Amino acid sequence: MNKVVSVMSAAVIALSMLAGCGDTAADTAGTGDAGSASGDKVFKIGAIGPLTGGAAAYGNSVCNAAELAVAEINANGGINGYQVEYKKQDDELNAEKSVNAYNTLKDWGMQVLVGSTTSACSIAVSEYTKADNMFQLTPSGSAEDCVKYDNAFRVCFSDPNQGIASAQYISDHNLATKVGIIYDSSDVYSSGIYQKFVQESEGKNFEVVSAEAFTADNNTDFSVQLQKAKDAGADLVFLPIYYKEAALILTQASTMGYAPTFFGVDGLDGILTVENFDVSLAEGVMLLTPFAADATDDLTVNFVKNYQEKYGEIPNQFAADAYDAVFIIKQAMEAKDVTPDMSVSDICEAVKGAMTEIEASGLTSAKMTWAANGEPNKEPKAVIIKDGAYVSAQ
């Protein structure tokens with residue numbers, strides 16, 4: 001999400017980049033003197049995500065969009081007149097490596113963290129940001145415990161809210177009469193959404209007729225889960241899972257001749273980028289997401305254009321969340337006149353105080369506010385895949 005965003009300049013300043021990933025991967029944006037107001041002082045914002053491995057589509061989207069936001073901020077005068085330096089670190093979707101990435105960024109001088117990208121990593125890192133009293137804003141860590149400490153906030157919906165909103169959306173739009181569910185019982189993200197979805201489904205105009213689990217150790221053959229949904233007459237299958245498993249499910253459903261509506265949440269964002277996946281199988285797939293790249297408002301149009309020009313692909317909702325996150329940090333810092341010479345702890349106290357006072361407008365919502373528990377208040381949206389692209393669901 002982002003600050004109360006005025007239309008950004010399309011010009012993006014040149015970025016000084018250090019290539020690579022892992023503990024040595026870092027990008028620096030906007031390094032240098034912001035003028036007499038700041039001298040050599042700069043804000044240092046870091047980001048953490050899986051830049052390699054199975055969830056790289058998420059981590060790269062988050063880190064790229066954060067980099068783009070920093071560049072635009074610097075091109076438009078910085079934060080309170082000070083330029084911003086930015087670095088990213090790869091955690092490979094591993095909680096221990098995410099902590100290592102945090103320590104690397106901390107040694108660099110990071111003052112605010114955008115991350116981590118995924119829930120388990122964000123939770124692990126939050127133990128350290130809490131101890132350091134560093135402000136942490138995760139764009140996409142949706143598990144409840146990602147914001148269990150008062151220094152941690154999030155941009156995305158929490159897992160429970162995604163489950164609740166999905167059940168409400170399916171009911172409100174009369175998408176199904178019988179629903180099957182396939183979820184990952186070994187993953188806190190998936191199981192948390194599943195549980196809230198089932199609870200919210202009670203009394204709705206559809207019936208949950210099957211709910212079948214898999215685990216990280218058994219996530220390549222979904223024929224049993226699909227057959228049970230098919231035998232139960234499910235005309236919609238809810239997939240609160242990540243995109244790699246979802247691609248396998250869609251492929252295997254096709255071979256079975258089973259063609260229900262498939263409905264997912266933000267974890268499905270990225271399915272169109274899966275290597276060797278026949279994207280025609282995703283036609284008609286719906287997912288709950290706060291961002292649609294085909295939206296026609298100026299902010300979205302400019303963001304998609306700039307992101308595509310720089311990174312060669314259409315941004316997903318993870319990118320939109322991260323772009324918003326950086327501008328939210330900017331707005332909160334400006335609300336409290338934060339300067340780079342303040343301590344990490346003082347910056348944290350100022351920013352977390354501002355978070356409960358500001359109202360932000362960004363890519364993922366025209367109106368975002370936050371409670372002291374770190375949870376955002378925003379409207380859910382859905383997209384549908386048509387002709388190999390995400391379009392807004394009507």
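**Close-up views of the predicted model**

**View 1. The second largest cavity has a volume of about 60 Å³.** The model shown in this and the following views is predicted. The second largest cavity is lined by Cys156, Phe157, Gln162, Asp266, Leu288, Thr289, Pro290, Gln317 and Asp321. By class, this lining comprises four nonpolar, three polar and two charged residues.

**View 2. The largest cavity encloses about 80 Å³ of space.** Its lining is formed by Tyr58, Thr117, Thr118, Ser119, Ser140, Ser142, Tyr189, Tyr242, Asp266 and Phe318. Five of the lining residues are polar, four are nonpolar and one is charged. Asp266, shown here in the lining of the largest cavity, also appears in that of the second largest cavity. The structure holds three cavities of 30 Å³ or more.

**View 3. Five strands make up an open sheet with parallel pairing.** The strand order across the sheet is β4-β3-β5-β6-β7. Its edges are β4, residues 84–90, and β7, residues 152–154, each of which pairs on one side only. On average, neighbouring strands are turned by 20° against each other, with direction ignored.

**View 4. Strand β6 pairs with the edge strand β7.** Strand β6 spans residues 135–138, and its parallel pairing with β7 extends over three bridges. Gln136 has Ala152 of β7 as its bridge partner. Helix α3, residues 119–132, packs on the sheet and touches β5 and β6. The direction of helix α3 makes about 165° with that of β6. Ser119, a residue of helix α3, is also one of the residues lining the largest cavity.

**View 5. Helix α2 lies across three strands of the sheet, namely β3, β4 and β5.** The helix comprises residues 95–108, while β3 covers residues 43–49 and β5 covers residues 112–114. Helix α2 runs at about 165° to β3. In the order of the sheet, β3 stands between β4 and β5.

**View 6. Residues 1–38 are a stretch in which pLDDT stays under 50.** For these residues the model has 122 contacts beyond four places in sequence. Where pLDDT is low, the predicted coordinates should not be read in detail. For the protein as a whole, the mean pLDDT is 89, and 90% of the residues reach 70 or more.

Note on methods
Residues are numbered from 1 along each chain as its sequence is written. This is a predicted model: local features need pLDDT of at least 70, side-chain atom pairs count only at pLDDT 80 or more; totals for chains, interfaces and linings use all residues. Side-chain values use heavy atoms; hydrogens and water are left out. Two strands pair if DSSP finds at least two bridges between them. Helices (H or I, at least four residues) and strands (E, at least two) are DSSP runs, numbered from the N terminus. Axes are lines fitted to C-alpha atoms, for helices over the stretch in contact, and angles run from 0 to 180 degrees between N-to-C directions. Contact means heavy atoms within 4.5 Å. On a 1 Å grid over the protein atoms alone, a cavity is a set of points where a 1.4 Å probe fits but cannot get out, and a pocket is an open set with protein on both sides within 12 Å along at least five of seven lines; lining residues have an atom within 4 Å of a point. Grid points are joined across faces, edges and corners, and a volume is the space filled by probe spheres set on the points. Ala, Val, Leu, Ile, Met, Phe, Trp, Tyr, Cys and Pro count as nonpolar, Asp, Glu, Lys and Arg as charged, and the others, Gly among them, as polar. pLDDT is the predictor's confidence in each residue, from 0 to 100.
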